[in-house]
Amino acid sequence: MSIIKKLALAAGVSALLSSAAYADLSGKVIGFSQIGSESGWRAAETSVTKSEAEKLGIDLKFADAQQKQENQIKAIRGFIAQGVAAILVAPVVSTGWEEVLTEAKEANIPVILLDRGIDAPQDLYLTSVASDQVKEGHVAGDWLVKTVADKDCKIVELQGTVGSSPAINRKKGFEDALAGHANLSIIRSQTGDFTRAKGKEVMEGFLKAEDGGKGICAVYAHNDDMAVGAIQAIKDAGLKPGTDILVVSIDGVPDIFQAFVAGEANATVELTPNMAGPAFAALDAYLTAGTVPEKFIITESKLYTPADDAQGEYDRRKGLGY
Amino acid sequence: MRRIDWRGALLRPQFMALAAVLGINWLLFPGFFDITLQDGRLFGSVIDVLNRGAPVAILAIGMTAVIATKGVDLSVGAVMAIAGAVAAVLVTGGSSAIVAVGAALLVGLLCGLWNGILVTYLEIQPIIATLVLMVAGRGLAQLVTEGSIVTFSDPVLIFIGTGSLFGMPMPIVIAAVLAIGATLIVRKTALGLLIEAVGVNRSAARFSGISSGLLLVVVYTFAGFCAATSGLIVAGDIRGADANNAGLWLELDAILAVVIGGTSLLGGRFSIPMSVVGALIIQAMNTGILISGFSPEFNLVVKSGVIILILVLQAPMTSQWLRKRMSEGKAQ
Amino acid sequence: MVEGAEPVVQARGIVKIFGQHRALDGVDFEVRPGEVHALLGENGAGKSTLIKILTGAYQPDGGEVLLEGAPVRFSDPLDAQRHGIGTVYQEVNLLPNRSVAENLFLGHQPTRFGIVQRKVIEARARDLLAGYGLEIDVKAELGSYSVAVQQIVAIARAVELSGKVLVLDEPTASLDRNEVAKMFEVVGRLKARGLGIIFITHFLDQVFEIADRVTILRNGRLIGTKVLSEVTATDVVRMMLGKDLAFDHGGVGVAEAMQGPVRVEFKSLGRQGKVAPFSLALHEGEVVGVAGLLGSGRTEMARLMFGVDPADCGEISVGGRVVNIRNPAQAVAAGFGFCPEDRKLDGIFGDLSVRENIIIALQAKLGWFRALNRDEQIEIAGNYAEALDIRAANHEMPVKLLSGGNQQKVILARWLAIDPNFLILDEPTRGIDVGAHAEIVRTINRLREEGLALLVISSELDEVVAYSNRIVVMRDREMVAELSGADIAPSVIVAAIADNPGAKVTAEVGA
Ligand SMILES: Nc1ncnc2c1ncn2[C@@H]1O[C@H](COP(=O)(O)OP(=O)(O)OP(=O)(O)O)[C@@H](O)[C@H]1O
Ligand SMILES: [Mg+2]
């Protein structure tokens with residue numbers, strides 16, 4: 001699909017997603033320093049941000065940092081020099097921001113952090129828009145607890161990259177949700193590095209180790225990509241994913257909705273790519289009425305199951321660049 | 001022809017290491033050696049080791065030749081991503097699978113050719129020359145896929161990654177064919193000897209009339225071909241091209257496999273079959289960790305510990321020491 | 001020499017076994033302070049091995065080493081160095097991609113507050129080398145200089161390090177007369193200072209010039225130790241070979257030998273900055289000797305002929321047909337062979353077997369797909385090893401384990417195996433014992449009789465005179481004279497070389 005078509009589609013989708021329009025941001029120049037395009041989710045975040053801005057009549061200056069902090073700092077300095085009205089940053093690392101953010105503060109330009117926090121004094125940025133990763137895990141866990149009711153359920157877990165914050169937090173939230181439900185237990189947990197290939201390989205191992213998967217009731221994956229890999233492994237082992245083994249994961253990428261349609265996955269918790277929407281709303285309130293927003297704006301962690309018009313959700317997301 | 005000393009060969013540290021790792025896996029999981037036939041396809045942990053080990057084994061085949069010339073190819077992981085991306089984008093764009101596979105392999109060859117030209121004619125050190133493509137290549141793959149995982153449902157591509165021939169998973173079949181083919185080619189022609197000569201002393205090779213430039217280009221091109229093949233398998237396996245993660249860090253596994261196999265990073269003597277054994281040792285270890293149930297925080301520690309052990313066992317100093325101990329034992 | 005003084009280093013009953021092969025079998029050896037002790041023997045007799053045991057590079061399988069009367073066991077050459085034993089091994093073991101100055105002081109750089117003092121090192125390096133009559137840029141990479149310069153650097157380094165004993169394993173093999181004289185001066189000074197000096201060489205005249213005593217090895221056994229003033233050269237040779245050597249200078253009448261048609265012809269071949277255009281035709285059954293000082297362009301001329309450095313003007317024809325030679329592969333295809341001067345760097349594949357080293361050029365010529373099978377390889381290697389009397393325990397051992405002289409023969413065998421029609425030999429007798437030396441000269445004569453055209457570069461005027469039909473003289477990268485007939489005599493050659501009053505011994509950069 002061509003980029004143009006994609007963008008057009010994206011614009012349409014987000015027009016549906018958020019309806020409020022902030023007239024006062026119209027015509028303003030806002031800089032956006034994006035990390036890069038290391039994952040489908042990030043690409044979707046970029047395209048959603050662009051379409052949100054377009055909808056509001058914002059002149060968005062986009063800078064791709066290609067995973068390098070020095071590029072982000074350079075871009076932010078550039079935005080300051082241009083005298084933009086505000087700056088959005090999805091920071092690539094958490095440290096080393098004080099100097100450049102102080103420069104922005106001195107130039108009276110509000111800075112909003114998207115989807116990741118930083119280690120810097122809080123007065124250096126207006127607000128930070130991010131999801132609550134612990135909650136994501138919790139929502140996934142709650143769904144499973146409710147779904148199996150009081151039946152016994154042995155769970156295998158596909159963790160994200162060892163030591164990464166989503167892996168730690170999503171694991172914690174899920175375990176919290178399971179606490180007090182003795183009929184559910186995590187029997188195996190390994191890292192699948194957030195990738196499809198590793199998710200499949202690890203699941204293969206789990207299935208072998210658990211007597212061909214007969215003892216496994218559910219798989220919880222820290223992201224949808226690993227779940228998609230696991231689904232293939234389950235099928236290769238001659239079992240039916242979604243029926244013989246429940247599949248629950250996090251992110252809400254298009255391919256998991258496709259799996260919903262095929263009846264091969266059961267639930268996902270959306271990590272919305274629309275961080276810009278709440279950011280622009282907060283910014284509008286701040287610029288027009290001087291309302292200082294909360295320091296941390298938490299996006300919704302919405303649960304999706306096949307009952308939620310899976311085909312429709314798939315079509316809506318497909319064009320976002322995931 | 002020389003008679004092959006099978007007993008001596010099987011006593012090599014690599015085979016002992018493989019046996020030890022498999023043995024430990026068996027202790028951790030008694031069903032490790034069970035193999036069943038399911039839907040006309042062999043199924044079992046040992047098959048998994050072979051199947052999952054195939055991509056690195058294939059990379060190691062090309063890498064062995066490169067390292068034998070005293071070079072190294074850091075770009076193979078990125079080339080895997082590019083090849084997978086090209087094939088996926090072509091089939092989703094409506095091309096036939098043959099065209100997609102052909103194009104992916106061709107792109108692999110071109111990447112290898114590029115490396116070879118940098119190394120040979122521009123005389124850039126291999127580690128730097130191939131670093132260029134290692135870094136830029138992943139970006140190229142992302143450009144091709146536009147940053148997303150390109151999912152496909154083409155049966156031929158999927159067959160390459162997950163199909164089976166006479167019950168054997170395709171990746172194993174492909175790796176075996178490549179390993180045997182490459183071994184026969186280098187040993188039945190003069191290529192093996194000439195590659196070793198270039199690796200041992202490139203200047204002397206030149207003085208002896210060996211066209212080392214052409215040879216190096218061929219070797220790097222072959223490594224690119226192997227990487228593309230491996231990239232097709234990995235893409236076929238997950239039915240999609242994941243430009244960000246396909247082949248990530250696998251160049252290091254491939255180099256490790258070659259070193260475990262006994263080919264020196266200083267070039268010279270090489271053995272493709274032993275490199276394949278090296279790849280299997282690495283994968284047996286990975287599979288063992290998966291089924292062991294250890295917490296994933298230990299993965300890297302366990303892995304590096306075992307590798308250090310293998311390399312120490314293989315070091316000339318150790319074998320000298322062992323020999324000395326043995327002869328002293330006899331003398332007493 | 002201090003008569004009857006206690007030896008500074010002594011070896012008693014040394015045994016060294018490599019696999020099945022006894023490289024040394026109960027050898028006694030000693031050096032006294034203030035003595036130059038020559039160690040002689042054929043290629044493979046065990047000289048280098050003995051040295052390596054004395055200096056800790058190898059550990060003996062039997063016997064003991066004593067330093068000033070007390071038994072010692074050096075763990076490695078560095079250990080020996082710390083005890084005052086400096087060594088120049090046969091194969092120069094320096095770092096070609098570091099500067100000359102760094103090589104001289106590596107491991108014992110003068111430092112100040114832990115910081116290496118570049119300027120000081122460079123100044124000291126210049127002074128040091130000036131003592132050997134060498135004026136070169138000490139900041140340049142060592143590898144950019146000729147073997148001779150590298151050899152002098154290695155010697156200078158070892159001399160700096162040795163407080164008690166200096167060991168020189170064939171240090172003069174690649175030096176010219178002037179440099180040898182300079183080196184002998186230094187040795188004389190060290191001797192006067194009371195150092196014990198062990199000197200290995202195949203040049204008997206040098207032994208008689210500076211050594212006090214000589215120890216002779218044959219096949220790993222001690223034949224005897226003699227005071228040199230009490231023996232003659234013939235005695236020494238007899239001890240080395242176990243028989244009399246028929247000194248075969250077959251030179252008489254060589255010049256008039258029958259000459260066939262022109263085999264190879266170089267017309268105005270030249271390369272900017274390397275060699276001025278020269279023309280030379282070689283006939284079947286002709287040996288052309290090349291004389292000239294170090295750095296006069298002898299090696300450069302050979303490299304041009306063999307396509308190592310492609311010529312930028314002129315043409316080459318073989319048997320009357322013009323051939324294109326832009327690289328060695330094309331030269332080999334045209335039937336050329338080239339034994340390079342620097343054996344270790346450009347000749348030997350150290351880790352490959354003797355067999356593979358012998359057949360490699362033939363295999364390169366045959367191409368990738370016409371592989372010689374193992375039996376063919378064994379047969380070819382066996383034939384040429386026998387023809388050249390290559391002494392190796394077997395042909396499957398890595399060639400780096402052969403003695404220096406035998407390695408040289410392996411390279412010659414490699415070229416004979418391609419059945420060449422033109423062979424270039426650059427210093428072919430360097431590092432070769434008297435017996436093998438005569439053998440190489442005999443081989444050259446035999447090849448000539450078989451109709452081969454040869455170009456032989458040598459610093460040994462006597463030798464060049466012995467086998468050359470014609471001699472070309474190089475000076476300042478230019479072919480300045482062609483001598484034939486009665487002019488083939490050392491005095492005439494020297495005159496031709498010296499003709500230029502400005503001629504002086506300079507470093508051979510980029511050789
Ligand atoms: N590391 C080794 N392994 C096996 N054989 C060896 C090794 N080093 C030396 N030899 C063998 O020991 C013998 C003595 O070798 P050495 O180098 O001492 O001879 P050399 O007297 O120095 O000869 P040259 O004059 O040619 O240098 C040779 O036959 C050689 O092949
Ligand atoms: Mg020697």
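This tour moves through a predicted model, going from enclosed cavities to a surface patch and then to salt bridges.

**Stop 1: the largest cavity.** The count comes to six cavities of 30 Å³ or more, and the place to begin is the largest cavity, whose volume is about 70 Å³. Select A:Glu204, A:Lys208 and A:Asp236 from chain A, and then add B:Arg41, B:Leu42, B:Phe43, B:Gly44, B:Ile47, B:Asp48, B:Asn51 and B:Pro169 from chain B, to display the residues that line the largest cavity. The elements that give two or more residues to this lining are helix H7 (196-209) of chain A, together with strand S2 (41-43) and helix H3 (45-68) of chain B. If you colour the lining of the largest cavity by residue class, you will find four nonpolar, two polar and five charged residues.

**Stop 2: the second largest cavity.** Keep A:Glu204, A:Lys208 and B:Asp48 selected, since they are also among the residues that line the second largest cavity, which holds about 50 Å³ of space. To complete its lining, add A:Glu201 and A:Gly205 on chain A, and B:Ser45, B:Arg52, B:Gln283, B:Thr287, B:Leu290 and B:Ile291 on chain B. Here the elements that give two or more residues are H7 of chain A, together with H3 and helix H13 (272-292) of chain B. The lining of the second largest cavity has two nonpolar, four polar and five charged residues.

**Stop 3: a surface patch on chain B.** Next, select B:Leu106, B:Leu109, B:Leu110, B:Leu113, B:Ile117 and B:Tyr121, which make a nonpolar surface patch of about 540 Å². Centre the view on B:Leu109, which has its place in helix H5 (residues 97-120) of chain B and is partly exposed, with a relative accessible area of 31%. Because patch residues need over 30% relative accessible area, the value of 31% for B:Leu109 meets that cut-off.

**Stop 4: salt bridges.** Side chains of opposite charge can pair when their charged atoms come close. A search of the whole structure finds 54 salt bridges over all chains, and three of these pairs are visited below.

Begin on chain A with A:Glu99 and A:Arg77, whose side chains meet in a salt bridge (3.5 Å, N to O). Since A:Glu99 lies in helix H4 (residues 98-106) and A:Arg77 in helix H3 (residues 69-82) of chain A, the pair ties together parts that are 22 residues apart in sequence. A:Glu99 is exposed, with a relative accessible area of 56%, whereas A:Arg77 is partly exposed at 36%.

Then move to A:Lys172 and A:Asp176, where the salt bridge is 3.2 Å, N to O. Both residues belong to helix H6 (residues 165-178) of chain A, and being four residues apart they are separated by about one helical turn. A:Lys172 counts as partly exposed at 42% relative accessibility, and A:Asp176 counts as partly exposed at 34%.

On chain C, select C:Glu315 and C:Lys267, whose side chains meet in a salt bridge (3.5 Å, N to O). C:Glu315 lies in strand S16 (residues 313-318) and C:Lys267 in strand S13 (residues 262-271) of chain C, so this pair ties together parts that are 48 residues apart in sequence. C:Glu315 is partly exposed, with a relative accessible area of 33%, and C:Lys267 is partly exposed at 37%.

**Last stop: a network.** Finally, select A:Lys200, A:Glu204, A:Asp236, B:Arg52 and B:Asp237, which are joined into one network by salt bridges that share partners. Two of these residues, A:Glu204 and A:Asp236, were already selected at the first stop, where they help line the largest cavity, while B:Arg52 was selected at the second stop as part of the lining of the second largest cavity.

Notes. Residues are numbered from 1 along each chain as its sequence is written. Chains are lettered from A and ligands numbered from 1 in the order in which they are written. This is a predicted model: local features need pLDDT of at least 70, side-chain atom pairs count only at pLDDT 80 or more; totals for chains, interfaces and linings use all residues. Side-chain values use heavy atoms; hydrogens and water are left out. On a 1 Å grid over the protein atoms alone, a cavity is a set of points where a 1.4 Å probe fits but cannot get out, and a pocket is an open set with protein on both sides within 12 Å along at least five of seven lines; lining residues have an atom within 4 Å of a point. Grid points are joined across faces, edges and corners, and a volume is the space filled by probe spheres set on the points. Ala, Val, Leu, Ile, Met, Phe, Trp, Tyr, Cys and Pro count as nonpolar, Asp, Glu, Lys and Arg as charged, and the others, Gly among them, as polar. Patches are made of residues with over 30% relative accessible area and no salt bridge: like charges are joined within 9 Å, nonpolar side chains (Val, Leu, Ile, Met, Phe, Trp, Tyr) within 5 Å. Accessible areas come from the Shrake-Rupley method with a 1.4 Å probe; for residues, only the protein chains shown count as cover. A salt bridge is a side-chain nitrogen of Lys or Arg within 4 Å of a carboxyl oxygen of Asp or Glu. Buried means under 20% relative accessible area, exposed over 50%, partly exposed in between (1.4 Å probe, protein chains only).
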